[in-house]
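Me: I am new to this structure. Please take a close look at one part of it for me, and then place that part beside a few others.

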Amino acid sequence: MPYPLSELAPTPAPNALPRHVYVHVPFCRRRCTYCDFAIAVRRSVPVAAFIDSLAHEIDLRYPDRAPRAIDTLYFGGGTPSLLGGDGVARLLDRLRARFRFDDGAEVTLEANPDDVSPESARAWRAAGINRLSIGAQSFDARVLAWMHRTHDAAQIARAVWAARAAGIENLSLDLIFALPSSLGRDWRDDVHRALDLEPAHLSLYGLTIEPATPLARWRDRQLMHEAPDDVYERDFLLADETLAAAGFEHYEVSNYARPGSRARHNSSYWRHLAYDGFGPSAHSFDTLRRRWNARELAAWSRRVAAGGDPVEDHEVLTGDNRNTERIYLGLRTNHGVEIAPPALAADHEMLDRWVAAGWAMREGSRLRLTPRGWLRLDTLATDLTALSSHS
Ligand code: SF4
């Protein structure tokens, strides 16, 4: 008998217009030791040329030129804050010709602390930025130097104060945990220092060593050793307990929010909704098909300038692909997945074992993972997917 997991979000027709837009701004001052994102290291950012290329790509994608209504806009990177106050304002001006922002639309800018000054924050707020995601990563000077970050701990606090003084209240901080023990990093202290700044939202990521990064080279030469799994687990659970006690909701495996402050843009990914992406390496998804742009800035700009589609490749999701993605995405969040028929959720040996182990909870026909379950997310999602296709 098939084991249908009901939809986390209705599947719209593939030509449904996305209401969530991502813009990838690839520029960085230098590459952090752990980073394998699509970036372009530049001393000086070619702001005007980049904005022109983006506007051109949007025109190519929407040849009818009709403004699209959107609910969220996210500037990610790279380091979008390197565009500066004036650059972000000019970019938003151009985007407003193509997008009609809903009342209360969420407009997020990723920022490095050293780019957030009282002047830039005021310019961003005046231009329409109402959410700032600040890449703090740590408050420990030694750790920041090891990561090759361009800022120090004092600049994180100054960035938060400047943003707040400018009227940007919806602030998120990123931190990285599970660092090599040789750094002597005090994770508890970092979490508390982040809390002292009273952010509305926190994103906490375990360090992963990606190929072709400086960290991978250091590891291969035995110059550093990755944190073992038990350090990852200890840090993850410490953050979960500390932030729950401080009133945060752990609503996605890597994300915590004060009530009412969940990241709406990223939530659209986890809900499997359609989104459009622009800029090098940006992905787009229409609920049936995913496409992604050329990764490198030069290749993306060249294709756009030639009037061609900068898409690098695409995939069409089968029904099985969509089911697998929905299970994985649903289990990432504290919304979980709906299991049908409900009797199966209430009475299934494998799910009973998960609940008994403290990895999952059942609420009627919904199944959701606990923080201890999130530590095994990939395995549990794979097992649930297998059950879904074989039952
Ligand atoms: S600032 Fe962000 S995108 Fe740029 S290199 Fe560092 S981690 Fe990567």
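What follows is one request and one connected reply.

Me: How is the open sheet of 3 strands ordered, and which strands stand at the edges?

Reply: Keep in mind that this is a predicted model. The open sheet has 3 strands in the order E15-E17-E16. Their pairing is antiparallel. Strand E15 covers residues 337–338, and strand E16 covers 360–363. These two stand at the edges. Each has a single partner strand, so one side of each is left without a neighbour in the sheet.

Now take the pairing of E15 with strand E17, residues 366–369. The two run in the antiparallel sense and pair over 2 bridges. One residue pair can be named here: valine 337 has leucine 367 in E17 as its bridge partner.

A helix belongs in this picture too. Helix H13, residues 349–356, lies across E16 and E17. Its direction makes an angle of about 115° with E16.

Elsewhere, two helices cross. Helix H6 spans residues 187–196 and helix H8 spans residues 229–245. Their axes come within 10 Å and cross at roughly 35°. The crossing is right-handed. On the H6 side, the contact is made by Trp187, Arg188, Val191, His192 and Leu195. H8 contributes Asp235, Leu238, Ala239, Thr242 and Leu243. By class, that contact has 6 nonpolar, 2 polar and 2 charged residues.

Last comes the ligand. The residues around it include Cys28, Tyr34, Phe37 and Arg149. By class, this shell has 6 nonpolar, 3 polar and 3 charged residues.

Definitions and conventions: Residues are numbered from 1 along each chain as its sequence is written. This is a predicted model: local features need pLDDT of at least 70, side-chain atom pairs count only at pLDDT 80 or more; totals for chains, interfaces and linings use all residues. Side-chain values use heavy atoms; hydrogens and water are left out. Two strands pair if DSSP finds at least two bridges between them. Helices (H or I, at least four residues) and strands (E, at least two) are DSSP runs, numbered from the N terminus. Contact means heavy atoms within 4.5 Å. Axes are lines fitted to C-alpha atoms, for helices over the stretch in contact, and angles run from 0 to 180 degrees between N-to-C directions. A residue is near a molecule or strand if one of its heavy atoms lies within 4 Å of it. Ala, Val, Leu, Ile, Met, Phe, Trp, Tyr, Cys and Pro count as nonpolar, Asp, Glu, Lys and Arg as charged, and the others, Gly among them, as polar. A crossing is left-handed if the near helix is turned anticlockwise from the far one by less than a right angle, and right-handed if clockwise.
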